[in-house]
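Colleague: I am new to reading models like this one. Could we go through it together, and could you tell me how each conclusion is reached?

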There are 2 protein chains.
Amino acid sequence: MTAFSPNLMARPDCAACPIRHRAVCARCEADELAQLEKIKIYRSWKAGETILFDGDPMDFVGSVVTGCAMLTRRLEDGRSQMVGLLMPSDFLGRPGRSTAPYEVSAATDLTLCMFRRAPFEKLLVEVPHIRDRLLEMSLDELDAAREWMVLLGRKTAREKVATLLLLVLRRSSLPISGVARADLPITREAMASYLGLTIETVSRQMSRLRADGVITLEGLRKVSAPDLEALALAAGEDSDGATIA
Amino acid sequence: MTAFSPNLMARPDCAACPIRHRAVCARCEADELAQLEKIKIYRSWKAGETILFDGDPMDFVGSVVTGCAMLTRRLEDGRSQMVGLLMPSDFLGRPGRSTAPYEVSAATDLTLCMFRRAPFEKLLVEVPHIRDRLLEMSLDELDAAREWMVLLGRKTAREKVATLLLLVLRRSSLPISGVARADLPITREAMASYLGLTIETVSRQMSRLRADGVITLEGLRKVSAPDLEALALAAGEDSDGATIA
DNA sequence: CGATATCTTGAGGGCGATCAAACGAAGTGG
DNA sequence: CCACTTCGTTTGATCGCCCTCAAGATATCG
């Protein structure tokens, strides 16, 4: 039993929330948090479950509390491209739109802190700290999407895979350490979907990176990189290692 | 001499502005417009000129009034990917960031309605109509970027070219007419940069679309499509023809 | 009319997709 | 405990789309 068990209560205490200082509520004062607390509700999904289909009515917005969510768009003939990978604290949904423009699914077991859209939009008007944070997060997402456009349009398969591993390692492992390690939140299929590749190509490039000593794999899901600089090099990143978002 | 000649005056009258009802100022009342008018300044560039290099200080934001601007990101080895094509009324820059995360250049002769960042950020706090519109436009841009990710990751060269032509024809030609026509605002090289292709592939696919009767070309820059449905089909679009943004 | 940039077309090669099969892990039931 | 299934992953062989390199055509401008 942990101190924060979202699955066991509808409205855990915001003060103990793991994403309290990074989510859309990051800048809220205690009284503002109380307003959010009144309209929030937790809900969880199992890995692999679909939360919404493209075109479904979407009468809520919310934050990823734990786990990972995927945003996927499909072409008519079945081709699909993941257009977003939401990690804890990321925001899902958009005020002012009532229909999902992509499919939303749970990459891992997932818990969302959800707000019905109408009352949330009301808070957006009344609480500057929420509104300002949402604008900032939206602009960050836009930058991240543009960064991903470079990957999709110009990077090689090896660079694509290395870039994704670097992203996961940077975001979910301890910030500074000799060896970075993390659990891959997504399957090879989802990796392929996000990278604009096939599953076979992803698998081959993972094997090559491992053979080259850039990464180490334990089981299928645990990755580590003895030298993040080497991984960044394989990712074709700017030398300073700076990322936009 | 037209009624609205941005090149000839520093602060043309907002009331006569061609983008008055679509830009970041779209929702402003007369008094709010007056506040913007006080801090705005026009500036123009010739086609091909670079406005900002990646990493340059960016102490302004603004709207495209006439012409087209390109946002381009580069990898170290010279590969480059256009990550945004700004048309009249689109917003350039971001409050809260002082450095350009991409190169900005003029695709065509271009005029911007610019605001220094500091006073604009002040208005963002004081004028809800500007702030709300900026959030809306940012979310639209995010949707458009994600749509483009599908193109970059999953579409064929033919579909990519058709999609871009469709975008240009839909946005710059008369909305409903038997034959849609427009001037291409960008060179083949810029098209290639935006589509994640080479210039040769773009050229070949243009020729194929012409040979197939999907488009007609007069000179290098004038395109028309006798049947937008056929072009949409070539673009691999959803049957309902709906686009996100 | 020549100079230069831009665009088109052609020939050949490589990277990633496709098709196919083997492998490994996790779960089920006898 | 072990066959058996199932699903995800890895590896192999081949194909084709788009890139690369190269030359020629067309537009633009002095």
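Colleague: What makes the pair formed by Arg188(B) and a phosphate oxygen of DNA strand C a polar contact?

Modeller: Keep in mind that this is a predicted model. A polar contact is a pair of N or O atoms within 3.5 Å. An N or O atom in the side chain of Arg188(B) is 2.7 Å from a phosphate oxygen of DNA strand C, so the pair meets the cut-off.

Colleague: Which other side chains can be checked against DNA strand C in this way?

Modeller: Thr198(A) has a polar side-chain atom 3.1 Å from a phosphate oxygen of that strand. Arg204(A) reaches a base instead: an N or O atom of its side chain is 3.0 Å from a base oxygen of DNA strand C.

Colleague: What does Arg204(A) do at DNA strand D?

Modeller: There, an N or O atom of the Arg204(A) side chain is 2.8 Å from a base nitrogen. Two phosphate oxygens are worth adding for DNA strand D: one is 2.8 Å from an N or O atom in the side chain of Ser203(A), and one is 2.4 Å from such an atom in Thr201(B).

Colleague: How do you know which residues are near DNA strand C?

Modeller: A residue is near the strand if one of its heavy atoms lies within 4 Å of it. For DNA strand C, 16 residues surround it, and among the closest are Thr201(A), Arg188(B) and Ser207(B). By class, they are 3 nonpolar, 7 polar and 6 charged.

Colleague: Which part of DNA strand C faces the protein, by share of atoms within 4 Å?

Modeller: Sugar or phosphate holds 66% of those atoms, and the rest belong to bases.

Colleague: And what surrounds DNA strand D?

Modeller: DNA strand D has 17 residues around it, with Arg188(A), Ser203(A), Ser207(A), Ala157(B) and Thr201(B) nearest. Of its atoms within 4 Å of the protein, 67% are sugar and phosphate. The residues near DNA strand D divide into 4 nonpolar, 7 polar and 6 charged.

Colleague: Which helices supply these surfaces?

Modeller: For DNA strand C, helix 6 (199-211) of chain A and helices 5 (188-195) and 6 (199-211) of chain B each give at least two residues. Helix 6 of chain B gives the most, with 4 residues. For DNA strand D, helices 5 and 6 of chain A and helix 6 of chain B each give at least two, and the largest share, 4 residues, comes from helix 6 of chain A.

Colleague: Why are the two chains said to be related as by a two-fold axis?

Modeller: A turn of 180° with a shift of 0.0 Å along the axis lays chain B on chain A with an RMSD of 0.0 Å. The copies are therefore related as by a two-fold rotation axis. Within chain B, Leu142(B) comes closest to that axis, its C-alpha being at 2.5 Å.

Colleague: How do you know that the copies meet through the same surface?

Modeller: Because 100% of the interface residues of chain B are also interface residues in chain A. Each chain brings 47 residues to the contact. Together they bury about 4300 Å², with 54% of it on carbon and sulfur atoms. On the chain B side, Arg146(B), Met149(B) and Arg154(B) lose the most area, together 19% of what that side buries.

Colleague: Why is part of chain A called a cyclic nucleotide-binding domain?

Modeller: That name comes from UniProt, where an unreviewed entry lists residues 24-141 of chain A under it. In this model, the span is 29% helix and 36% strand, with its end C-alpha atoms 13 Å apart.

Definitions and conventions
Residues numbered from 1 in each chain as written. Chains lettered and ligands numbered in written order. Predicted model: local features only at pLDDT ≥ 70, side-chain atom pairs only at ≥ 80, totals over all residues. Heavy atoms only, no water. Least-squares fit on C-alpha atoms with pLDDT ≥ 70 in both. Contact = heavy atoms within 4.5 Å. UniProt positions renumbered as here; feature names shortened; annotations may be inferred. Polar contact = N/O pair within 3.5 Å; in protein donor to acceptor, adjacent residues only side chain to side chain. Nonpolar A, V, L, I, M, F, W, Y, C, P; charged D, E, K, R; others polar. Buried area = accessible area lost by both parts, 1.4 Å probe.
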